[in-house]
Amino acid sequence: MQFEHLSSGDEFNVKTFEKLRGDDMRLLAALLEDPYPPHFNERRAKELGYPDLLNQGPANCSYLVQTVIEKLNSPSDIRSFDIRFHDMVFAGETVTATATVEETRTEDSEGIVDLSIALEKEDGTVAVDGTATAMFPLE
Amino acid sequence: MADKKLKGTQLSAGEYTIEEWKAHLWADATRNEEDAFRYDEDAKSVGEPGQLVPHSMCQHIVFEATGGIDETMSYISDDWTSGAALGGLRVDFHAPLQVGNTLKVEGQISEVLKKEGSSGPLTIVTFAYTVQDESGEHIYDLEADLVLMEGL
């Protein structure tokens, strides 16, 4: 993807994560040393009225960031993100992450792209949204 | 109990090093298809010196460096597992996140806001962190908003 071809309103990327896996949530809970039961214990999750294991915020963040870095020369070319968590995401759900170009500009001989990003559930509920900024080398 | 007097509280400064295996498994657990987070050779192919750390680990890094998730949450609640959630996350990256780098983290509670949410009173506590590597290079800044339900 080339900076010179991007403009406001362009679809930057769309990624769908089919049927989120409880085993991924258990692995992430172990890596995080996260003691919150609904992230690894189905029985506790259901006692709280959840349909299945609750996905961790950093996982939902990762889906959004992936939508940005996948189109960059290097993952390190993402410069910032600012996200807000609105709704819970559970094992078994399918979520779609989107990134849309809001603005392009040049700064210090680099192409800078501001993006709006959102993570939607199958029913259209926005679980997480926000903005991200990424850098592209100029031609 | 989160009190407005918490604003300005300095957290324990500390260090954290992301190891190769953890970045790799984190990428697996979050279905991240970018192999620069798993293998040196893939990172080098995009101009990086070696395996990268997934960006979504940045909150975990600052929590671990400053005492871990339980110590972080203990500032705001005696029983955070009964009703706390991550409400927002803001990160500015100044340099690549490299596996093996030891990161030095300083943090503070920068804001405490009490609000009326759709399901009752809540308190939003913002933790702000600055992260540098061992040479003093500024790597990233992070703010995390933790939401306590029922005005704990």
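In this predicted model, helix H1 of chain B spans residues 20–29, and its buried residues are Ala23(B), Trp26(B), Ala27(B) and Ala29(B). Viewed down the axis of H1(B), these buried residues fall within an arc of 165°, so they line one face of the helix. The pattern can be read against the geometry of helices in general: an α-helix has 3.6 residues a turn, so residues three or four places apart point the same way. Part of the cover over the buried residues of H1(B) comes from the other chain, since it includes helix H1 (22–32) of chain A. Just after H1(B), the backbone at Arg31(B) adopts a positive phi of about 55°.

The contact between the chains extends beyond this helix. In total, 31 residues of chain B are in contact with 30 residues of chain A. On the chain B side, H1, helix H3 (58–65) and E2 each supply at least two of the residues that touch chain A. The largest share, nine residues, comes from E2(B). By character, the chain B side divides into 14 nonpolar, 11 polar and six charged residues.

How does E2(B) meet chain A? Strand E2 (residues 78–85) of chain A is joined to E2(B) by five bridges, and the two strands run antiparallel. Within the two strands, Ser80(A) stands opposite Asp92(B).

This pairing belongs to an open sheet of 10 strands, ordered E1(A)-E3(A)-E4(A)-E5(A)-E2(A)-E2(B)-E5(B)-E4(B)-E3(B)-E1(B), with antiparallel pairing. At the edges lie strand E1 (11–17) of chain A and strand E1 (14–17) of chain B, each of which pairs on one side only. Neighbouring strands of the sheet are turned against each other by 25° on average, direction ignored.

Within chain B, strand E2 (residues 84–93) also pairs with strand E5 (residues 138–149), in the antiparallel sense and over nine bridges. Here Leu86(B) stands opposite Leu146(B) of E5(B). Leaving aside neighbours within four places in sequence, Leu146(B) is in contact with Ile76(B), Ala84(B), Leu86(B), Gly87(B), Val125(B) and Phe127(B).

Leu146(B) also leads to the nonpolar interior. The largest nonpolar core holds 77 residues, and Leu146(B) is among those that touch the most other members, together with Val62(B) and, from chain A, Leu64(A), Val68(A), Val95(A) and Leu115(A).

Terms used. Residues numbered from 1 in each chain as written. Chains lettered and ligands numbered in written order. Predicted model: local features only at pLDDT ≥ 70, side-chain atom pairs only at ≥ 80, totals over all residues. Buried ≥ 20, exposed ≤ 12 C-beta atoms within 10 Å, placed from the backbone. Helix = DSSP H or I, 4+ residues; strand = E, 2+ residues; numbered from the N terminus. Arc of directions from axis to C-beta. Contact = placed C-beta atoms within 7 Å. Core = buried A, V, L, I, M, F, W, Y, C linked by C-beta atoms within 7 Å. Pairing = 2+ DSSP bridges. Axes fitted to C-alpha atoms, helices over the stretch in contact; angles between N-to-C directions. Nonpolar A, V, L, I, M, F, W, Y, C, P; charged D, E, K, R; others polar.
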